Amino acid sequence: MEELIRSTRFSVVDVETTGRSSDRHRVTEIAVVGLSGIAVVSEESTLVNPEQYVSREIQALTGISNAMVSTAPSEREAMGSLDFWLPDDTVLVAHNASFDVGFINSARARTGRRPLPNRVLCTLRLARRVMPLHRGFSLARLATHLGVRIHARHRALRDARATAQILPLLI
């Protein structure tokens with residue numbers, strides 16, 4: 001098992017958004033931490049212009065303001081970068097992967113791209129499976145329980161880094 005993990009390339013992804021619905025809301029930030037086995041080999045992130053208002057509630061949660069995203073790359077540009085940052089042959093890892101992948105695939109569809117072909121590993125589901133007696137599986141609670149420090153939650157690169165540290169602890 002250890003050899004399989006060492007030979008696997010993972011891309012740990014996190015997105016920040018204007019809301020919870022991938023149909024109505026848009027991505028405001030995306031990050032990818034590339035791993036070879038459990039070693040970090042790359043980190044990429046960008047703000048994204050969602051071309052819609054970022055509510056005060058979301059601004060308070062993420063710290064991402066309308067002014068910050070107004071000059072950010074468009075969704076089309078960000079999805080083009082993601083094609084480069086997230087190779088098809090890597091295992092996509094995310095905490096609550098259905099949320100992140102849902103938003104990414106909605107953005108990809110709007111920009112004429114196909115859905116992500118990557119195999120997906122969800123650290124939320126994995127944690128529930130390997131720690132069934134633990135209470136609370138939010139990224140913050142899981143990180144605290146496993147001794148992983150997160151500096152300022154709800155920013156894509158920081159959350160992706162934390163998920164990248166949690167992944168080997170769960171495996």
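Here is a friendly chat about a predicted model, its largest pocket, one serine and one helix.

Colleague: How much space lies in the largest pocket?
Modeller: Happy to start there! The lining of this pocket is made up of 23 residues, with L61, N96, F99, R153 and H154 nearest its centre. The space in the largest pocket comes to about 630 Å³.

Colleague: Which elements give two or more residues to the lining of that largest pocket?
Modeller: By class, the lining has 8 nonpolar, 7 polar and 8 charged residues. One strand and four helices each supply at least two of the lining residues: β1 (9-17), α2 (56-62), α5 (97-110), α6 (123-130) and α7 (139-146).

Colleague: Let's turn to S11 in strand β1. Is S11 buried or exposed?
Modeller: Farther along the sequence, its contacts include V32, W85, L86 and V93. Its side chain also makes a polar contact of 2.9 Å with that of T90. The relative accessible area of S11 is 2%, and the cut-off for burial is under 20%. S11 is therefore buried.

Colleague: Where on helix α6 do its buried residues fall?
Modeller: The buried residues here are T123, L124, L126 and A127. Looking down the axis of α6, you find them within an arc of 165°, so they line one face of the helix.

Colleague: And which exposed residues does the face of α6 turned away from its buried side carry?
Modeller: The buried residues of α6 have cover that includes β4 (91-94), β5 (120-122), α7 and α8 (156-170). The face turned away from that buried side carries the exposed residues R125 and R129.

Terms used
Residues are numbered from 1 along each chain as its sequence is written. This is a predicted model: local features need pLDDT of at least 70, side-chain atom pairs count only at pLDDT 80 or more; totals for chains, interfaces and linings use all residues. Side-chain values use heavy atoms; hydrogens and water are left out. On a 1 Å grid over the protein atoms alone, a cavity is a set of points where a 1.4 Å probe fits but cannot get out, and a pocket is an open set with protein on both sides within 12 Å along at least five of seven lines; lining residues have an atom within 4 Å of a point. Grid points are joined across faces, edges and corners, and a volume is the space filled by probe spheres set on the points. Ala, Val, Leu, Ile, Met, Phe, Trp, Tyr, Cys and Pro count as nonpolar, Asp, Glu, Lys and Arg as charged, and the others, Gly among them, as polar. Buried means under 20% relative accessible area, exposed over 50%, partly exposed in between (1.4 Å probe, protein chains only). A polar contact is a pair of N or O atoms within 3.5 Å; within protein, one must be able to donate a hydrogen and the other to accept it, and residues adjacent in sequence count only if both atoms are side-chain atoms. Contact means heavy atoms within 4.5 Å. The arc is that of the directions from the helix axis to the C-beta atoms. Lists of a residue's contacts leave out its neighbours within four places in sequence.
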